[in-house]
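I opened this one to see how its pieces are held together. Notes follow, in the order I looked things up.

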Amino acid sequence: MKMEDMPLSGPDNTKLEALVHDIYSELVEDACLGLCFEVHRAVKQGYFFLDETDQESMKEFEIVDQPGVDIFGQVYNQWKNKECECPNCKRLIAASRFAPHLEKCLGMGRNSSRIANRRLASNNNMSKSESDQEDNDDLNDNDWSYGAEKKAKKRKSDKVFLHFKQLSFIHLSLQIFLFIHFSCGENVDH
Amino acid sequence: MSRESRMRATINQRLTEKGERERLKELLRVKLTECGWKDQMKAHCKEVIKDKGLEHITVEDLVVEITPKGRALVPDSVKKELLQRIRAFLAQHAT
């Protein structure tokens with residue numbers, strides 16, 4: 001036991017121990033008084049009994065304490081074991097596995113190796129030139145749009161828009177040109 | 001003033017000066033709320049108020065009814081902790 005845990009012993013120290021208890025009593029009484037003032041004010045201001053209404057309402061909104069049900073009485077894991085039909089592969093998947101399954105199935109998630117799947121698909125159907133345009137898949141990454149992933153649309157949009165790499169090259173060249181132009185211009189007398 | 005009362009006065013003064021009294025008050029308040037003492041006491045207050053009547057209740061009425069029960073209902077663990085802290089303070093600052 002620590003020193004502070006033991007009551008102080010010895011003649012002088014019984015007085016000290018009595019003092020300790022007196023201080024403690026004072027603190028407790030202070031706490032009680034504080035509570036009395038708090039309650040009294042609540043009574044006089046009219047908000048002490050605010051959490052109690054008529055018996056009927058009290059019964060209606062009582063806290064529910066049953067298994068399988070939350071405190072409002074609603075069933076909370078109702079959808080845990082339901083199965084959903086995947087719109088892509090038409091399989092029945094459990095609700096909690098549905099989102100990850102969709103990721104893989106539609107080829108849209110972070111780890112769904114979408115590029116590899118596309119490559120496989122296009123290598124089966126198309127010639128080699130199509131697969132060169134796989135580079136901009138990562139850069140035109142748009143995880144949240146379902147429609148943009150459809151293969152027919154994607155091929156068209158590849159031809160219409162400039163590659164991001166081409167764009168950044170042009171932008172960089174322009175910057176360098178402007179920098180050289182204006183820094184040389186400072187040496188000319190006007 | 002006897003030696004004892006002088007010592008008491010000194011200790012009490014130190015308690016206030018060092019801010020320890022305020023800290024102890026706050027500690028007690030928190031502990032009593034945590035352990036449900038406050039809720040118990042409030043329920044008892046409700047009884048007293050229903051007894052004496054909402055309109056005529058005074059602070060005195062409450063103090064007289066509440067304080068003895070309050071003192072008795074403090075849990076042992078809370079009491080021990082408070083006594084410990086006070087003893088530690090005295091050990092540091094007395095003599």
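I started at K18(B), which is partly exposed, with a relative accessible area of 45%. This lysine lies in the loop between helix 1 (3-17) and helix 2 (20-34) of chain B. Skipping neighbours within four places in sequence, I found K18(B) in contact with R23(B), F89(B) and H93(B). A reminder to myself before going on: this is a predicted model.

**Salt bridges inside chain B**

R23(B) turned up as a contact of K18(B), so I followed R23(B) next. Its side chain meets that of E20(B) in a salt bridge, 3.2 Å from N to O. The two are three residues apart in helix 2 of chain B, so about one helical turn separates them. Which of the partners is buried and which is partly exposed? E20(B) counts as buried because its relative accessibility, 10%, is under 20%. R23(B) is partly exposed, with a relative accessible area of 44%.

Then I checked E81(B), which forms a salt bridge with K31(B), with 3.4 Å between the closest N and O atoms. E81(B) lies in helix 5 (residues 76-93) of chain B and K31(B) in helix 2 of chain B, so this pair ties together parts that are 50 residues apart in sequence. I have both down as partly exposed: E81(B) at a relative accessible area of 30%, K31(B) at 23% relative accessibility.

**Between the chains**

How many residues does each chain bring to the contact? I get 37 residues from chain A and 40 residues from chain B. The area buried between chain A and chain B is about 3,600 Å², and carbon and sulfur atoms give 73% of that. On the chain A side, Y24(A), L27(A) and L35(A) lose the most area to chain B, together 18% of what that side buries.

Next came the charges. Over all chains I found 13 salt bridges in the whole structure, and six salt bridges lie across the interface of chain A and chain B. I pulled up E29(A) and R71(B), a salt bridge whose closest N and O atoms are 3.7 Å apart. E29(A) lies in helix 1 of chain A and R71(B) in helix 4 (residues 59-73) of chain B, so the pair joins two chains. E29(A) counts as partly exposed at 37% relative accessibility, and so does R71(B) at 43%.

I also looked up D30(A), which forms a salt bridge with K25(B), the closest N and O atoms being 3.7 Å apart. D22(A) belongs to a network of salt bridges that links it with E4(B) and R8(B).

One more residue on the chain A side caught my eye: H40(A), in helix 1 (residues 11-45) of chain A. Is H40(A) buried or exposed? H40(A) is buried, with a relative accessible area of 17%. Leaving out residues up to four places away in sequence, I see H40(A) touching I57(B), T58(B), V59(B) and L62(B).

**Chain A as a whole**

I stepped back to the fold of chain A, which has seven helices and two strands. From the N terminus on, I read its elements as α-α-β-β-α-α-α-α-α. Of the 190 residues of chain A, 19% count as buried. I have its accessible surface at about 15,100 Å², with 58% belonging to carbon and sulfur atoms. Among contacts in chain A with a separation of 6 or more, 19% come from residues 24 or more positions apart.

**Odds and ends in chain A**

K90(A) lies in the loop between strand 1 (83-85) and strand 2 (92-94) of chain A. I noted its phi, near 65°, as a positive value in a residue other than glycine. K90(A) is exposed, with a relative accessible area of 55%.

For aromatic pairs, my count comes to one over all chains. F48(A) and F49(A) make an edge-to-face pair, 5.1 Å centre to centre with 75° between the planes. F48(A) counts as buried at 9% relative accessibility, whereas F49(A) is partly exposed, with a relative accessible area of 21%.

Last entry: L172(A), I176(A), F179(A) and I180(A) make a nonpolar surface patch of about 420 Å². I placed L172(A) in helix 7 (residues 164-185) of chain A and have it as partly exposed, with a relative accessible area of 47%.

Key:
Residues numbered from 1 in each chain as written. Chains lettered and ligands numbered in written order. Predicted model: local features only at pLDDT ≥ 70, side-chain atom pairs only at ≥ 80, totals over all residues. Heavy atoms only, no water. Patch = residues over 30% accessible without salt bridge, like charges linked within 9 Å, V, L, I, M, F, W, Y side chains within 5 Å. Areas by Shrake-Rupley, 256 points an atom, 1.4 Å probe, with all protein chains shown as cover. Salt bridge = Lys/Arg side-chain N within 4 Å of Asp/Glu carboxyl O. Helix = DSSP H or I, 4+ residues; strand = E, 2+ residues; numbered from the N terminus. Buried < 20%, exposed > 50% of the residue type's maximum accessible area, 1.4 Å probe, protein only. Phe/Tyr/Trp six-rings, centres within 6.5 Å; stacked < 30°, edge-to-face > 60°. Contact = heavy atoms within 4.5 Å. Buried area = accessible area lost by both parts, 1.4 Å probe.
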